[in-house]
There are 4 protein chains.
Amino acid sequence: MEAKILKSSKSFRVRFSEVDSMGIVWHGSYPLYFEDAREQFGADYGIGYLDIFAHGYYAPLVDLQFHYKHPMRLDSRARVEITYIPSPAAKLIFEYEIFDADTDCLIATGRSVQVFLDKDYQLVLYAPDFYTEWKQRYGF
Amino acid sequence: MEAKILKSSKSFRVRFSEVDSMGIVWHGSYPLYFEDAREQFGADYGIGYLDIFAHGYYAPLVDLQFHYKHPMRLDSRARVEITYIPSPAAKLIFEYEIFDADTDCLIATGRSVQVFLDKDYQLVLYAPDFYTEWKQRYGF
Amino acid sequence: MEAKILKSSKSFRVRFSEVDSMGIVWHGSYPLYFEDAREQFGADYGIGYLDIFAHGYYAPLVDLQFHYKHPMRLDSRARVEITYIPSPAAKLIFEYEIFDADTDCLIATGRSVQVFLDKDYQLVLYAPDFYTEWKQRYGF
Amino acid sequence: MEAKILKSSKSFRVRFSEVDSMGIVWHGSYPLYFEDAREQFGADYGIGYLDIFAHGYYAPLVDLQFHYKHPMRLDSRARVEITYIPSPAAKLIFEYEIFDADTDCLIATGRSVQVFLDKDYQLVLYAPDFYTEWKQRYGF
């Protein structure tokens, strides 16, 4: 099976509470948009938080980056796209792009890296079996 | 021992992220101020979240009210005062007042009611022993 | 035209970030659900934040109440219903009900009251014309 | 005057609402800690949000990075340290370190980059005069 690109996409509308006193989305609201994208990806491909928990692991973020290109205003409609970045390491790596849904203008990009902890909160150095199987299922 | 009024107070400064696009504190930021007040009260009188957990209980909110009198602006300094409201029920009841620290203007008031759940998340109808002892210690 | 009941409804899924360390939705996440419901109502009936701004007013909350009946857990699917409560006062009053989307169990109820401020942040004692016209359009 | 290192530090306690269902601080809470650090730095050295506004500018973030080294738990006491990173560009660059206040363990590091927009939300390519003067005052 040939490796393919795994992507998900989620549309959203900027909430009143996400906008700062300058009338634009506060930068600290973007972790939520990225998390919504990860949840969508997890639902689409069977690797959500609860799937990971069910296998006895927890996958906390260890790196998170945001690059803000253009501000978003109150009531903007937007779309966050998330792409799975394959890696031989025992890591979950995603890249993100947020687009204005009306203009298709690129609003922000980012990247997250997650590792696996076991039930005792110990770092897992080798990919858990369920994750290896998941990768194989998608040709990685 | 005579019953007394138990109060705590906590000073805070409005954060940039708590202010909305009108330049005033978003109403949904107030649950945080009240929670900070409860944590201060818990630390002052030995009845914080972790004390309650340590006795095998969890004390979720069942009622929460806010009355907003005056807006707070970015960089305001304020003070939240919390008062314990004695009750024969197996409940933790608090009232809150937030004051502008510069003008002493009353910004908001509120009230919260918490019940006790046991480790199985079942409602406890009678006050847990540790809570009865806590009340007696303060003359309630 | 006969007065009718104006309601809106919005489905949502509990986010990871909205859940507390007990595994249930933190009480302070509910203002967001209510706000989402108000935004949905505003979009459905032409009385959203931006409509109100466009007429030169701002409608801050002055009262907000929550009654928590049952906890919601991570990944719950829920539905918030919002009902407009007619009043002769220059106020926007809404009541809310949150239901578990799978069990139809009533999770929480609440109520909010908003007043109108003009561009100078002064309280408006009489209903603004646009609001009176809006009410008449719906038979109130 | 010789260039020096400008640093600020702010102590904080993890809030109940900042902790996720695994009992550790949700990664999306860290933008708040960094923002608190920037506000402390701004207060210490006269270059806070309101100082920048007062000169007719707005300084939104364009890049933001987090590296999470160790989890923080509920009720942890911590300290965020912020260091100003001099640059010839019209940018405000900061680096951050968060330490557990009890163990001095390094919890997280990060970096933020801000640019300057004028009142019309246009990017300013040359450092505003007030910022050049501020840098000179501190020997940069």
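Which side chain of chain A does C:Arg15 meet in a salt bridge? Keep that in mind as we walk through the model.

A few ground rules come first. This is a predicted model in which local features need pLDDT of at least 70 and side-chain atom pairs count only at pLDDT 80 or more, while totals for chains, interfaces and linings use all residues. Residues are numbered from 1 along each chain as its sequence is written, chains are lettered from A and ligands numbered from 1 in the order in which they are written, and side-chain values use heavy atoms, with hydrogens and water left out.

Let us start where chain C meets chain A. Each chain brings 14 residues to this contact, where contact means heavy atoms within 4.5 Å. Together the two chains bury about 1300 Å², with 55% of it on carbon and sulfur atoms; buried area is the accessible area (1.4 Å probe) that two parts lose on being put together, summed over both. On the chain C side, C:Arg15, C:Phe16 and C:Leu50 supply 44% of the area buried against chain A, more than any other three residues. Two salt bridges are found across this interface, a salt bridge being a side-chain nitrogen of Lys or Arg within 4 Å of a carboxyl oxygen of Asp or Glu. Here is the reply to the opening question: C:Arg15 pairs with A:Asp36, at 2.3 Å from N to O.

Now turn to chain D and chain A. Here 22 residues of chain D touch 22 residues of chain A, and the area buried is about 2200 Å², of which carbon and sulfur atoms give 60%. D:Met22, D:His27 and D:Tyr121 supply 25% of what chain D buries against chain A, more than any other three residues. Across this interface the count of salt bridges is zero.

How are these two chains related? A rotation of 180° with 0.0 Å of shift along its axis lays chain D on chain A, with an RMSD of 0.0 Å, the copies being superposed by least squares on the C-alpha atoms of residues with pLDDT of at least 70 in both. That is the relation of a two-fold axis. Within chain D, D:Gln65 has the C-alpha nearest the axis, 2.2 Å from it. The copies meet through the same surface, because 100% of the interface residues of chain D are also interface residues in chain A.

Finally, look at A:Leu125, which is exposed at a relative accessible area of 66%; exposed means over 50% (1.4 Å probe, protein chains only).

Conventions: Buried means under 20% relative accessible area, exposed over 50%, partly exposed in between (1.4 Å probe, protein chains only).
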